[in-house]
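User: Please take a close look at the sheet architecture of this model and at the packing around it. A connected account would be preferred to a list.

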Amino acid sequence: MMKRFALATLACVALLAVSACTKAVLKPAPAISVPAGISQAQVKKSIVSALEGRKWTLDKIEDGTILSTLHLRDHTATIRITYNTQAVNITYLRSTNLEYSQRGSTRYIHRNYNGWINYLEQDITRNLQNLSATQSD
């Protein structure tokens with residue numbers, strides 16, 4: 001009887017450890033600075049290019065705001081990107097099957113989400129820097 005209890009406890013601990021490994025703190029994306037001399041239309045083009053390159057869908061495009069969703073198998077993540085000639089900001093809106101939860105003021109999500117946003121930030125930054133370099137030539 002004691003052996004079964006120990007095995008059941010061990011199984012529960014293992015399940016908790018595995019489920020905890022898939023979640024991470026949802027990190028707010030830092031603002032991306034726009035180099036001087038880049039127009040709002042160019043900022044938009046840089047963002048759209050990065051989104052399309054990473055297979056995000058363009059759900060809604062308005063002046064200064066883009067809503068976009070990433071669909072991977074049965075997972076989705078929807079973000080809002082606001083932009084102007086000074087900065088680009090990425091904000092988490094909602095998701096499905098990404099284990100999103102909130103405890104107090106701390107938000108958690110599947111660990112891959114932060115990586116997806118990081119890659120998107122890098123691509124947007126690179127696109128803006130390339131634009132800036134071509135304009136200064």
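Analyst: In this predicted model, 5 strands make up an open sheet whose order is E2-E6-E5-E4-E3, with antiparallel pairing. Its edges are strand E2 (32-33) and strand E3 (56-62), each of which pairs on one side only. Within the sheet, strand E4 (residues 65-72) and strand E5 (residues 75-83) run antiparallel and are joined by 8 bridges; isoleucine 66, for example, has isoleucine 81 in E5 as its bridge partner. Helix H3 (residues 111-135) packs on this sheet, where it touches E2, E3, E4, E5 and strand E6 (87-96). The direction of H3 makes about 155° with that of E6.

A further open sheet has 3 strands in the order E1-E8-E7, again with antiparallel pairing. Strand E1 (23-25) and strand E7 (101-103) are its edge strands, each pairing on one side only, and the twist from one strand to the next averages 35°. E7 is joined to strand E8 (residues 106-110) by 3 bridges, the two running antiparallel. Here serine 101 stands opposite tyrosine 108 in E8. The ring of tyrosine 108 also lies beneath a charge: the charged end of arginine 103 sits over it, 4.4 Å from the ring centre. H3 lies across E1 and E8 as well, running at about 90° to E8.

The packing can be followed into the interior. The largest nonpolar core has 28 residues, and Ile47, Trp56, Ile79, Val88, Ile90, Tyr113 and Ile124 are those with the most contacts inside it. Helix H2 (40-53), E4, E5, E6 and H3 each supply at least two residues of this core, and H3 gives the most, with 6 residues. Leaving aside residues up to four places away in sequence, isoleucine 90 touches residues including Ile79, Ile81, Ile117, Leu120 and Ile124.

Aromatic side chains add another element to the picture, with a count of 2 aromatic pairs. The rings of tyrosine 92 and tyrosine 100 are stacked, because their centres are 4.9 Å apart and their planes stand at 20°. Tyrosine 92 has 9% relative accessibility and therefore counts as buried, whereas tyrosine 100, at 33%, counts as partly exposed. The rings of tyrosine 92 and tyrosine 113 have centres 5.5 Å apart and planes at 90°, so this pair is edge-to-face. That pair links distant parts of the chain, since tyrosine 92 is in strand E6 and tyrosine 113 in helix H3, 21 residues apart. Tyrosine 113 is buried, at 2% relative accessibility. Through these ring pairs, Tyr92, Tyr100 and Tyr113 are linked into a cluster.

Technical notes: Residues are numbered from 1 along each chain as its sequence is written. This is a predicted model: local features need pLDDT of at least 70, side-chain atom pairs count only at pLDDT 80 or more; totals for chains, interfaces and linings use all residues. Side-chain values use heavy atoms; hydrogens and water are left out. Two strands pair if DSSP finds at least two bridges between them. Helices (H or I, at least four residues) and strands (E, at least two) are DSSP runs, numbered from the N terminus. Contact means heavy atoms within 4.5 Å. Axes are lines fitted to C-alpha atoms, for helices over the stretch in contact, and angles run from 0 to 180 degrees between N-to-C directions. A nonpolar core is a set of buried Ala, Val, Leu, Ile, Met, Phe, Trp, Tyr and Cys residues joined through side-chain atoms within 4.5 Å. Buried means under 20% relative accessible area, exposed over 50%, partly exposed in between (1.4 Å probe, protein chains only). Rings of Phe, Tyr and Trp (its six-membered ring) pair if their centres lie within 6.5 Å; planes under 30 degrees apart count as stacked, over 60 as edge-to-face and the rest as tilted. A charge sits over a ring if NZ of Lys or CZ of Arg is within 6 Å of the ring centre and within 35 degrees of the ring normal.
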